[in-house]
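Student: I have a structure open and would like to talk it through. Where shall we begin?
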Amino acid sequence: MTRILMKGNEAIAEAAIRAGAIYYFAYPITPQNEVGEYMARRLPEVGGVFVQAESEVAVGNMLFGAVASGKRAFTSSSSPGISLMQEAISYMAGARLPVVLINIMRGGPGLGGILPSQADYFQSTKGGGHGDYRVLVLAPSTLQEAVDLTMLAFHLADKYCNPTMVLADGMIGQMMEPVEFPENYAEEPVPPKDWATTGCQGRAPVIIKSLNLDPVVLEKNNLVLAEKYKLMKRDEVRFEAYKVNPKNRILMVSYGTMARICQTVIDELEQENISIGLLRPITLFPFPSKEILAEAVKPNIEVVLTVEMSMGQMVEDVEAAVRDKKPVEFYGRTGGIVPTPEEVRDYIMKILAKETPTVKSWKG
Amino acid sequence: MNESTHAIFTRPQSFRDVVTHYCPGCTHGIIHRLVAEVLDEFGIRGRTVGVGPVGCGVFIYNYFQTDFLEAPHGRAPALATGLKRVRPELIVFTYQGDGDLASIGTAEIIHAANRGEKFTTIFVNNAIYGMTGGQMAPTTMPGQITTTSPRGRNVEECGYPIRMAELLSTLRTPAYIERVAVHTPQNIIRAKKAIRKAFQYQIDNKCFSLVEVLSTCPTNWGLTPNESLNWLEKTMQPYYPLGVFKTPDTEEQK
């Protein structure tokens, strides 16, 4: 295998092609435009299709049509664009369709900014659109992982017939790192797409829909979805433990770019004999709750610290996981500001000195 | 049936042997049948996928013997785009009402037509929102009373009804666009011809095709079925003239 220096957005685009996704529908939005530009150039070379849609609303619905026919198709966008796709994501979740969405997050709310952020955690992991559904969410922290998780996303989408999202921040999209693409990519078999609308020649017609006016039937569909989410929680939880050991005084929980910064802090404090471990969720839904709890309850752990590029979103899942067994602290910056190792370190020192601030009034 | 008799009128194969949910006097059933007949005549049922709307036509998949997708409101042209682009061998049609196509889905239909997507749209215009109980549509006639225009559509506030066939015909990209009606047998025959032509253009992979069909809604118009046919001719047809608005063959190819 050869290592190539690539920009995150382009590496993600190439990874999708390597996973057999040669149908791409999108609308321009910063900071992920390189994905579409790469696809516009590359897809004709591999017999694929690139459509620049009139809006992200249309993108979501073009994907609906494309994946309903059994082909691997995907889009990439950034926060405001993903908001516009929520309609189609909800319909595809209801109709149990495998679609892959790449969200290169920028700061919000509203038009927000174009710099890296992790402010779409709630939207991504809690449903996002209307109705009772979940999206399987994968969060890379390096470009190699962005490549691997993008390829995995197509597999998991097909395995569960469920919308699957690669949730990365603008830093992952914009930075360059060496990456490797697997030479002979092989996947575990996925269920046959016998539900696809490919024309009913020689078989009974197939209908793909989400409308069920009979509440008994609609509830049944929701129960099927709920079973699927249970299976994901049982079989698909992924995380990385970094320097987690019984000496840890603090358990950090962080994902994506933020987790890499936390690793730097952990390495530095290790030199000063302050032992900290990091549990980095790779799947944000399903969330590694059990694993976090198991580490949090260890006797030496004084505090669980969640660090995010948001004002505190994943921390709610961490709090739920820890179940009040240990104090949960939060540090975050948002709006496109990426916390430096120094400020994370300062906050840790405050925690250890029991000087962390109390809640301020919203009026400032 | 004994040997000396034979059926001269049967249900199209593309149509299921079921009773539709449409109100008495509604012409959706006629339009469905015309589409089904055309699919039979071209022998394309087995490679056709329909994309249904939200509105009275939402249950169309219960009546057709073809694969079907149910689109979010107004988005059928986007689904059809995705489907046809990844499986160009399929015959794809959308079936949409006026609330679906001319209000919430205007962006999707205009851009699908402008990209020249090779699918067919059957656009049923009955000047009202039927399924939700008779609210004003962008196609509601001036002065027409609906549940959300109880004093009649006020064009000072709501503008004039949108003529979608004309609007789409201003696009440069080649397309086939015709408006027909189904309130008399002669018009039904013409409508059938237009729908046939629309599918023919798609089979030939030539262009986007759209047939606007003026249709009735006796229930929400508050008229009898016969009065409705009359109202369509006297009130709608003068504002929504029938005819071919655009063909790819007569296009100026500058």
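Tutor: Let us begin with chain A of this predicted model. Taken over C-alpha atoms, the centres of domain 1 of chain A and domain 2 of chain A are separated by 28 Å.

Student: Which residues belong to each domain of chain A?
Tutor: The domain assignment of chain A places 3-235 in domain 1 and 240-352 in domain 2.

Student: And how many residues does each one bring to the contact?
Tutor: Domain 1 of chain A brings 27 residues, and domain 2 of chain A brings 22 residues.

Student: On the domain 1 side, which elements of chain A supply at least two residues each?
Tutor: They are helix H6 (121-125), strand E6 (136-138), strand E7 (164-169), helix H8 (170-174) and helix H9 (215-235) of chain A. H6(A) gives the most to that side, with four residues.

Student: What kinds of residues make up that side of domain 1 of chain A?
Tutor: The side of domain 1 of chain A that touches domain 2 of chain A has 16 nonpolar, seven polar and four charged residues.

Student: Let us change topic. What does chain B contain, in helices and strands?
Tutor: Chain B has nine helices and seven strands. The radius of gyration of chain B is 18 Å, close to the 18 Å that the globule rule gives for 254 residues, so chain B is as compact as a globular protein of that length.

Student: How much of chain B counts as buried?
Tutor: Of its 254 residues, 53% count as buried in chain B. As for contacts in chain B between residues at least 6 apart in sequence, 67% of them join residues at least 24 apart.

Student: What is the strand order in the sheet of eight strands?
Tutor: The order is E9(A)-E2(B)-E1(B)-E3(B)-E4(B)-E6(B)-E5(B)-E7(B), in an open sheet with mixed pairing. Strand E9 (207-208) of chain A and strand E7 (243-246) of chain B stand at the edges, each with a single partner strand, so one side of each is left without a neighbour in the sheet.

Student: Do E1(B) and E2(B) run parallel or antiparallel, and how many bridges join them?
Tutor: Strand E1 (residues 48-52) of chain B and strand E2 (residues 67-70) of chain B run parallel, joined by four bridges. Within E2(B), Leu69(B) is the bridge partner of Val51(B).

Student: Last topic: what confidence scores come with this?
Tutor: Chain B averages a pLDDT of 96, and 97% of the residues score at least 70. The model scores ipTM 0.95 and pTM 0.96.

Definitions and conventions: Residues numbered from 1 in each chain as written. Chains lettered and ligands numbered in written order. Predicted model: local features only at pLDDT ≥ 70, side-chain atom pairs only at ≥ 80, totals over all residues. Rg over C-alpha atoms; globule rule 2.2 N^0.38 Å. Buried ≥ 20, exposed ≤ 12 C-beta atoms within 10 Å, placed from the backbone. Contact = placed C-beta atoms within 7 Å. Domains from an automatic or database assignment. Nonpolar A, V, L, I, M, F, W, Y, C, P; charged D, E, K, R; others polar. Pairing = 2+ DSSP bridges. pLDDT = per-residue confidence, 0-100.
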